[in-house]
Amino acid sequence: MKKWCFWLMAGVVAAGTWWAGVCFGGEMEQETEAEEVEISEEALRAEIGDAEAAWRLMERVRSGVPQVPLAMEATIKALSGTGRTLGKVRANVTYRPDVEDPAVRRATYALLAEDGREEEAVMSIRLPRGGDDAPEFRYECPPGTAAAVPDLFAPVGGTDVCWMELSFSFLFWARPRIVGVEVLRKRWTCQVVELEVPAGMGGGEDGWNRLRLWVAPAYGAVVQGVALRGEEEVKRFEVESVTRVRQTYMVSDMLVRDLAKGTRSRLKIGGLELLAPDYTPEQRAVLDAPVAW
């Protein structure tokens with residue numbers, strides 16, 4: 001049976017972005033309880049330093065990126081120390097096959113004005129199929145007018161989330177390394193994966209050159225991430241809630257902390273809409289039903 005998958009955490013930190021995925025077959029059936037894949041900690045530790053194992057792990061995470069046209073809504077809220085919203089950025093997001101190469105997917109983020117309707121800027125990202133290719137960014141500001149790509153590590157709209165995090169494009173960086181195994185929050189046994197920022201993609205004073213991800217192989221999902229500048233931890237991403245459709249997971253709420261500035265923002269993903277094909281109300285109810293992870 002052909003499968004259509006969506007992985008978002010993202011996101012990303014989907015991320016998980018952090019995105020983990022929405023996956024369903026050609027015919028949707030009643031949701032059943034997903035069983036966690038049992039993998040021994042000893043087996044996971046045996047893969048430390050194994051380049052092929054690291055690639056397979058990240059390929060499993062990446063495999064949920066949408067295979068069919070799909071739309072969603074992303075909202076970033078800058079928070080005070082007490083959780084009060086200080087500012088908000090909204091974006092409409094679509095995933096479609098690339099026109100030139102249908103096997104490659106393109107994510108498009110349309111930043112919205114304060115009224116929530118008028119587009120202020122559009123970022124289009126070509127997600128590679130693998131290998132040493134890096135994601136390609138194209139920026140239009142105002143929409144329809146080509147502009148220089150902004151610093152991908154700079155905050156978007158005064159929040160703590162940058163384009164690199166919002167797009168979860170780091171999942172497609174080459175040469176991942178498994179550097180350890182850690183039990184996270186007394187719940188997930190994770191393999192710790194490190195990735196280097198691709199050459200020419202490093203940012204300015206807000207940039208980082210290395211990313212560490214905690215991936216739960218039992219789910220094929222990223223549940224936490226830390227960005228580093230040298231050996232200094234400058235950002236932390238934590239998945240706080242997910243939704244599940246059948247046997248895969250999608251990040252719906254992620255907290256991003258800027259450790260250097262001592263600030264934080266929340267990224268929420270919702271409004272998931274399949275642009276093709278059409279589904280019955282019963283199938284849509286299964287798709288939209290939130291499930292605690």
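User: Which residues lie nearest the centre of the second largest pocket, and how many residues line this pocket?

Analyst: In this predicted model, the second largest pocket has a lining of 15 residues. Those nearest its centre are K88, V89, L112, E120 and G157. Two elements, β4 (85-97) and β5 (105-112), each give two or more residues to that lining. The most comes from β4, with 3 residues. The space in the pocket amounts to about 310 Å³.

User: How do the residues of the lining of the second largest pocket divide into nonpolar, polar and charged?

Analyst: The lining holds 9 nonpolar, 1 polar and 5 charged residues. For the purpose of this division, Lys and Glu count as charged, Val and Leu as nonpolar, and Gly as polar.

User: Why does S124 count as buried?

Analyst: The term buried requires a relative accessible area under 20%. S124 has a relative accessibility of 4%, and therefore S124 counts as buried. This residue is found in strand β6 (residues 119-127).

User: What makes the link between the side chains of S124 and R106 a polar contact?

Analyst: A polar contact calls for a pair of N or O atoms within 3.5 Å. The side chains of S124 and R106 are joined at 3.1 Å, so the pair satisfies that cut-off. When neighbours within four places in sequence are left aside, R106 is also among the residues in contact with S124, together with A107, T108, E136, F137 and R138.

User: Why is strand β11 called mostly covered?

Analyst: Strand β11 comprises residues 210-216, and 7 of its 7 residues are buried. Both of its faces are covered: R210, R212, W214 and A216 are buried on one side, and L211, L213 and V215 on the other.

User: How do you know that β11 pairs with strand β10 and with strand β12?

Analyst: Two strands pair if at least two bridges are found between them. Strand β10 (residues 188-196) and β11 have 6 bridges, in the antiparallel sense, so the condition is met. In this pairing, V192 has W214 of β11 as its bridge partner. Strand β12 (residues 221-229) and β11 have 7 bridges, again antiparallel, so this pair qualifies as well. Here R210 is the bridge partner of L228 in β12, and A216 stands opposite A221.

User: What lies between β11 and β12, and which residue in the turn has a positive phi?

Analyst: The two strands form a hairpin with 4 residues between them. In the turn, G220 has a positive phi of about 65°. Strand β12 is also mostly covered, with 8 of its 9 residues buried.

Definitions and conventions: Residues are numbered from 1 along each chain as its sequence is written. This is a predicted model: local features need pLDDT of at least 70, side-chain atom pairs count only at pLDDT 80 or more; totals for chains, interfaces and linings use all residues. Side-chain values use heavy atoms; hydrogens and water are left out. Buried means under 20% relative accessible area, exposed over 50%, partly exposed in between (1.4 Å probe, protein chains only). A polar contact is a pair of N or O atoms within 3.5 Å; within protein, one must be able to donate a hydrogen and the other to accept it, and residues adjacent in sequence count only if both atoms are side-chain atoms. Contact means heavy atoms within 4.5 Å. On a 1 Å grid over the protein atoms alone, a cavity is a set of points where a 1.4 Å probe fits but cannot get out, and a pocket is an open set with protein on both sides within 12 Å along at least five of seven lines; lining residues have an atom within 4 Å of a point. Grid points are joined across faces, edges and corners, and a volume is the space filled by probe spheres set on the points.
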